[in-house]
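User: I would like to learn how to read strands, sheets and helix packing in a model like this one. Could you take me through it step by step?

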Amino acid sequence: MAEPLIDRWIRRQRWMDGFAETIQKVIGWIYGVLGAPGRLLEDLMHGTKVLGHPLHPAITDIPMGAWAVAVVADYAAHFTNRLPTEAGDVALAVALATALLAVLTGYTDFRHTFAHERRVALTHGLIMSAAVTLGVVSMALRWWSGSAIHPLAVGLSTAGLGLLIVGGYFGGHLVFGLGSAVNRNAFAEGSDDFVAVGVASDFAEGTLTRVVAAGMPVLVVRKEGELHAIGAVCSHAGGPLDEGTLNRGVVTCPWHGSRFCITNGKVKHGPATFRQLVFVVREINGNVAVKPEVPLH
Ligand code: FES
């Protein structure tokens, strides 16, 4: 089946790659110079900390909804006089205040996108940034024109809402069409029962060993003599955790540096937000078997 027109068009926009890379480097640099607080802030913006789920899609509904209310209130005030003109101003102010968080979380997630996904993310981000710019100018005009409905200000916020809807389409395509930020283990298939994956000597202390249990890639690690197992496919974007590094019971993904505890699969540092699958390990008479800690379905 032919690729959708929108993807074909974006795929041809190679000029985006250098531009996107520069933005990604600047974002990384900003978080880097902030040191430990920067790492915490980055985890908060991804949703790794506190939410345990991507924050950006959870936050974007607020500015979208408030913005739509602002436009409706503006026109209601203008054409019916049943609302004060300030209603639209207040709603737009709420939209812009929360849009700031949407921008921060969005650009933080953007930092770890790649190739076609990155071009679609950049298209989404640029359209949303243009919408926010229109909103800011509209707000400034309202501020300067007092309580009167300023036609140009209303026109700009209306155009901004139109851009938000178009940008929202690209954001939706990014997640639902390309699977960006989707838990890569959400569709894991395998057995809910113990599956033999090797013998004790296959798993030396402190080494990352990949096995396949009924089709599921599993990372097995022996720590202080005890075996632990988590999914070998990084929940963020599918990186191979067995090719990462291990330090004090925490494995670091080789692709974007997410870190996971090998005993409980919890995310220690993003961009991943979803914990890894955890497996119960059984070692009897030198034979090692694993099964998912919780049923897959
Ligand atoms: S694939 Fe991105 S951190 Fe693992």
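User: Let's begin with strand pairing. Which residue is the bridge partner of Arg-210 in E3?

Analyst: Happy to start there, and please keep in mind that this is a predicted model. The general idea is that strands of a sheet pair through backbone hydrogen bonds, either parallel or antiparallel. Here, Arg-210 has Leu-219 as its bridge partner in E3. That pair belongs to the ladder between strand E2 (residues 209–213) and E3, which run antiparallel and are joined by 5 bridges.

User: How many residues lie between E2 and E3 in their hairpin?

Analyst: There are 2 residues between them. In a turn like this, look at the backbone phi angles: Ala-214 has a positive phi of about 50 degrees.

User: And on the other side of E3, how many bridges pair E3 with E4?

Analyst: E3 and E4 pair over 6 bridges, in the antiparallel sense. Two positions help you find the register: Val-218 stands opposite Gly-231 in E4, and Arg-222 stands opposite Leu-227 in E4. These strands also form a hairpin with 2 residues between them, where Glu-224 takes a positive phi near 50 degrees.

User: Is strand E3 mostly covered or uncovered?

Analyst: Mostly covered. Of the 8 residues in strand E3 (residues 216–223), 6 are buried.

User: Now the whole sheet. In what order do the strands of the open sheet come?

Analyst: To read a sheet, walk across it from partner to partner. In this case the order is E1-E10-E9-E4-E3-E2, an open sheet of 6 strands with antiparallel pairing.

User: Why is one side of E1 and of E2 left without a neighbour in the sheet?

Analyst: Strand E1 (195–199) and E2 stand at the edges with a single partner strand each, so each has one side with no neighbour in the sheet. As for twist, neighbouring strands of this sheet are turned by 35 degrees against each other on average, with direction ignored.

User: Which residue in E10 stands opposite Val-195?

Analyst: Val-195 stands opposite Val-290 in E10. E1 and E10 pair in the antiparallel sense over 4 bridges. Val-281 also stands opposite Val-290, and there the ladder is the one between strand E9 (residues 278–284) and E10, antiparallel with 6 bridges. E9 and E10 make a hairpin with 2 residues between them, and Asn-285 in its turn has a positive phi of about 50 degrees.

User: Which residues form the covered face of strand E10?

Analyst: For a strand, list the residues by face. In strand E10 (residues 287–292), the covered face has Val-288, Val-290 and Pro-292, while the uncovered one has Asn-287, Ala-289 and Lys-291.

User: Let's turn to a loop residue. Why does Gly-244 count as buried?

Analyst: The cut-off you need is 20 or more other C-beta atoms within 10 Å. Gly-244 has 22 C-beta neighbours inside 10 Å, so Gly-244 counts as buried. Gly-244 sits in the loop between strand E4 (226–231) and strand E5 (245–247). Beyond its neighbours within four places in sequence, Gly-244 is in contact with Leu-208, Val-251, Thr-252, Cys-253 and Pro-254.

User: And helix packing: at what angle do helix H5 and helix H8 pack?

Analyst: For two helices, read the angle, the axis separation and the handedness. Helix H5 (residues 61–80) and helix H8 (residues 151–177) pack at about 145 degrees, with their axes 10 Å apart. The crossing of H5 past H8 is left-handed. Among the residues making the contact are Trp-67 and Val-71 of H5, and Leu-161 and Leu-164 of H8. By class, the contact has 8 nonpolar, 5 polar and 1 charged residues.

User: Finally, the big picture. Into which domains is the chain divided?

Analyst: The division is into domain 1 (5–177) and domain 2 (195–292). Their centres, taken over C-alpha atoms, are 37 Å apart. At the junction, 11 residues of domain 1 are in contact with 7 residues of domain 2. Helix H3 (residues 35–46) supplies the largest share of the domain 1 side, 4 residues. That side has 1 nonpolar, 6 polar and 4 charged residues.

Key
Residues are numbered from 1 along each chain as its sequence is written. This is a predicted model: local features need pLDDT of at least 70, side-chain atom pairs count only at pLDDT 80 or more; totals for chains, interfaces and linings use all residues. A residue is buried if 20 or more other C-beta atoms lie within 10 Å of its own, exposed if 12 or fewer, and partly exposed in between; C-beta atoms are placed from the backbone. Two residues are in contact if their C-beta atoms, placed from the backbone, lie within 7 Å. Domain bounds come from an automatic or database domain assignment. Ala, Val, Leu, Ile, Met, Phe, Trp, Tyr, Cys and Pro count as nonpolar, Asp, Glu, Lys and Arg as charged, and the others, Gly among them, as polar. Axes are lines fitted to C-alpha atoms, for helices over the stretch in contact, and angles run from 0 to 180 degrees between N-to-C directions. A crossing is left-handed if the near helix is turned anticlockwise from the far one by less than a right angle, and right-handed if clockwise. Two strands pair if DSSP finds at least two bridges between them.
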